[in-house]
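User: I'd like to learn how to read a two-chain model feature by feature. Could you walk me through this one?

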Amino acid sequence: MPETRRGATPPRIEPMAADAPLTGFRTLLYKEVLRFWKVAFQTVAAPVLNALLFLLIFSHVLDRHVTVYGDVAYTSFLVPGLVMMSVLQNAFANSSSSLIQSKITGNIIFVLLPPLSYREFYAAYVIAATLRGLFVGCGVLLVAMPFVDLDIASPLWVLAFAVMGGAILGSFGVIAGIWADKFDQLAAFQNFLILPLTMLSGVFYSIHSLPRFWQDVSHFNPFFFMIDGFRYGFFGQSDTSPWLSLAVVSGCFVLLAALTLALLGRGYKLRS
Amino acid sequence: MTVPAIRVSAVTKQYGTLKALGGVDLEIGQGEFFGLLGPNGAGKTTLISALAGLVRPDGGSLEIMGHDVVRDYRNARRNLGVVPQELVFDPFFSVRELLRIQSGYFGIRGNDDWIDEILASLDLTHKADDNMRMLSGGMKRRVLVAQALVHRPPVIVLDEPTAGVDVELRQGLWQFVRKLNRDGHTIVLTTHYLEEAETLCGRIAMLKAGKVVALDTTENLLHRFATHSLRVSVDRAEAAVALGGVAVEDGWVEFAFEGYDKLETLLARLREAGAGLREIQLGEPDLERVFVEVMHRA
């Protein structure tokens, strides 16, 4: 063994001991939540305002002309769709923007150097994304409540679809954030995939109002099942069985989680 | 038996047609101040990235304090602190928040005493609650050092830490790093400032095209490779150049020679050639000459 320049035996340094298991994961989750919370005006308040504008415009135009599920007023029908759309879009925005910003500025290194496993990495980003989605969703619901007559028939269904939808889009965001090298690539992902799938998922209409062909096409859109299942929690009625929706949404989550974990495990675009 | 701080065995890494690392073997003892030198593209950053788990080698193995960086990555990373070359920072947080978060990533909560100590050592205490965006480049560089130290790693890698840093900060940084080394931390330094490496490092490895082309103590490298230099100011520079000198500036010619026993002969030949000696300057071997010679031979 080569000697040190001074030739003396150096004192042995031990790294600090970890306090408790999963502290690293909890810290990354905390940091990701703090990141969006510090700019809550942009990450929470702005999407709530956005959804409120949708509500005001569509309800003004359509409320007296359209009823859904027999006797549900259009505005009441619209609110759960807007809530879920906000959950999905903001969950995606959170994980994808956090990752691409960290990659482009280079500070992703601070997450890659510590002894965090790829599973902890995945869980922290997806849970933080889901939480942001839920925060915005709750905000939209709270702001919309004074304008509509809306009860929650089955809160468990509401919670299950909101959490699953947030987790799916959070995972999608992780994939997009890792894959994209530039902001415009991420914007393309958002504008040409996430936005059309959300808008054409039945946020603004019941698919029973569509021609048969488009009803069938809608069944290939997983976002339709997320929103339809979520809406079932409010009205106890939906375009399709909530159990089918839950199965589709759960299947999507498992597939996306597996894909994201496989990419992270391989170090795709993160550990070359 | 003491395990080495770093052990690199037959590590290879290829990017397309570029061989970034072509079978690197290296062992760095605990408590060493070790220099990793080489021209741009030699593989220094790839090697450091492989140690840190940022790059996955195609072949070979790397260990930090006896822990394999792939199979036992948690322990390997807990033993390693890396100060990256790029001036990167997270603009959402204050200095203290960043250091607390970085501690948490390593599984450490309630680390404020140590964080305060690092902040004081790096003269950052008064900036602790400032957002990272508000700091100057030099301050950000110090925060990078602090982030690498939050878990008190035995092995610290500094990847060109003084690139673009002013003299005052550079001196302060080296003072601090020397103290860390005295305290027992193993320091691995890459730098393009060879005089820094010569002053600080006990041993040096030189890389070229992904291979270690020289590995020895700094003293041995200086003795083995370096030549002394003789600069002469003469009336007839062409006569001195004809004896093998290199014209360096107006009236000055430089010669390289291996030992002082050759000096007398050289001066005698200059007199015989009628060069007209006016002034002479002797130069000691330095790492820059060693570096140039090693790279030329490799």
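User: Let's start with a helix. How many of the 11 residues of helix α3 (residues 95-105) of chain B are buried?

Analyst: Happy to help, and please keep in mind that this is a predicted model. A general idea comes before the count: an α-helix has 3.6 residues a turn, so residues three or four places apart point the same way. In the present case, 9 of the 11 residues of α3(B) are buried, and the helix is mostly covered. Among them are Val95(B), Leu98(B), Leu99(B), Ile101(B) and Tyr105(B), together with Arg100(B) and Gln102(B).

User: What covers the buried residues of α3(B)?

Analyst: The cover includes elements of both chains: α1 and α4 of chain A, and α4 and α5 of chain B. After α3(B) comes Gly107(B), with a positive phi near 85°.

User: That brings in chain A. How many residues does each chain give to the contact?

Analyst: In general, the size of an interface is often given as the accessible area lost when the parts come together. Here we can go by residues: chain A gives 34 and chain B gives 42. On the side of chain A that touches chain B, α1 (23-37) and α4 (109-112) are the elements that give two or more residues. α1(A) gives the most, with 6 residues. By class, that side of chain A has 17 nonpolar, 9 polar and 8 charged residues.

User: Now for helix packing. At what angle do α3 (residues 74-105) and α9 (residues 222-235) of chain A pack?

Analyst: For a pair of helices, look at the angle, the distance between the axes, the handedness and the residues that meet. α3(A) and α9(A) pack at an angle of about 130°, with their axes 9 Å apart. That angle makes α3(A) oblique to α9(A), and their crossing is right-handed. From α3(A), Pro80(A), Gly81(A), Met84(A) and Leu88(A) take part, and they meet residues of α9(A) including Phe223(A), Met226(A), Phe230(A) and Phe234(A). The contact of these two helices has 8 nonpolar, 1 polar and 1 charged residues.

User: Turning to the strands, what is the order of the open sheet of 4 strands in chain B?

Analyst: The general idea is that strands of a sheet pair through backbone hydrogen bonds, either parallel or antiparallel. In this sheet the order is β2-β1-β4-β5 of chain B, and the pairing is antiparallel. β2 (18-28) and β5 (67-68) of chain B stand at the edges with a single partner strand each, so one side of each has no neighbour in the sheet. As for β2(B) and its partner β1 (residues 6-15) of chain B, 8 bridges join them in the antiparallel sense. Within that pair, Val11(B) stands opposite Val24(B) of β2(B).

User: How many residues lie between β12(B) and β13(B) in their hairpin?

Analyst: There are 2 residues between them, and Gly251(B) in the turn has a positive phi of about 80°. The hairpin strands, β12 (residues 246-249) of chain B and β13(B), run antiparallel and are joined by 3 bridges. β13 (residues 252-257) of chain B also pairs with β11 (residues 228-234) of chain B, again in the antiparallel sense, over 6 bridges. Val253(B) is a good residue to follow by eye: it is the bridge partner of Ala247(B) and of Val232(B).

User: Gly251(B) is a glycine with a positive phi. Where does Asp123(B) lie, and what is its phi?

Analyst: Asp123(B) is not a glycine, yet its phi is positive, about 55°. It lies in the loop between α4 (112-121) and α5 (137-149) of chain B. Asp123(B) counts as partly exposed because it has 13 C-beta neighbours inside 10 Å. Chain A offers another case: Lys269(A), in the segment after α10 (242-266) of chain A, has a positive phi near 60°. With 15 C-beta neighbours inside 10 Å, Lys269(A) is partly exposed too.

User: To finish, how many helices and strands does chain B have?

Analyst: Chain B has 11 helices and 14 strands. Its C-alpha atoms fill a box of roughly 75 × 45 × 40 Å along the principal axes. Of the 298 residues in chain B, 45% are buried. Among contacts in chain B with a separation of 6 or more, 69% join residues 24 or more positions apart.

How values were computed
Residues numbered from 1 in each chain as written. Chains lettered and ligands numbered in written order. Predicted model: local features only at pLDDT ≥ 70, side-chain atom pairs only at ≥ 80, totals over all residues. Contact = placed C-beta atoms within 7 Å. Nonpolar A, V, L, I, M, F, W, Y, C, P; charged D, E, K, R; others polar. Buried ≥ 20, exposed ≤ 12 C-beta atoms within 10 Å, placed from the backbone. Pairing = 2+ DSSP bridges. Axes fitted to C-alpha atoms, helices over the stretch in contact; angles between N-to-C directions. Parallel < 35°, antiparallel > 145°, perpendicular 65-115°, else oblique. Left-handed = near helix turned anticlockwise from the far one by under 90°.
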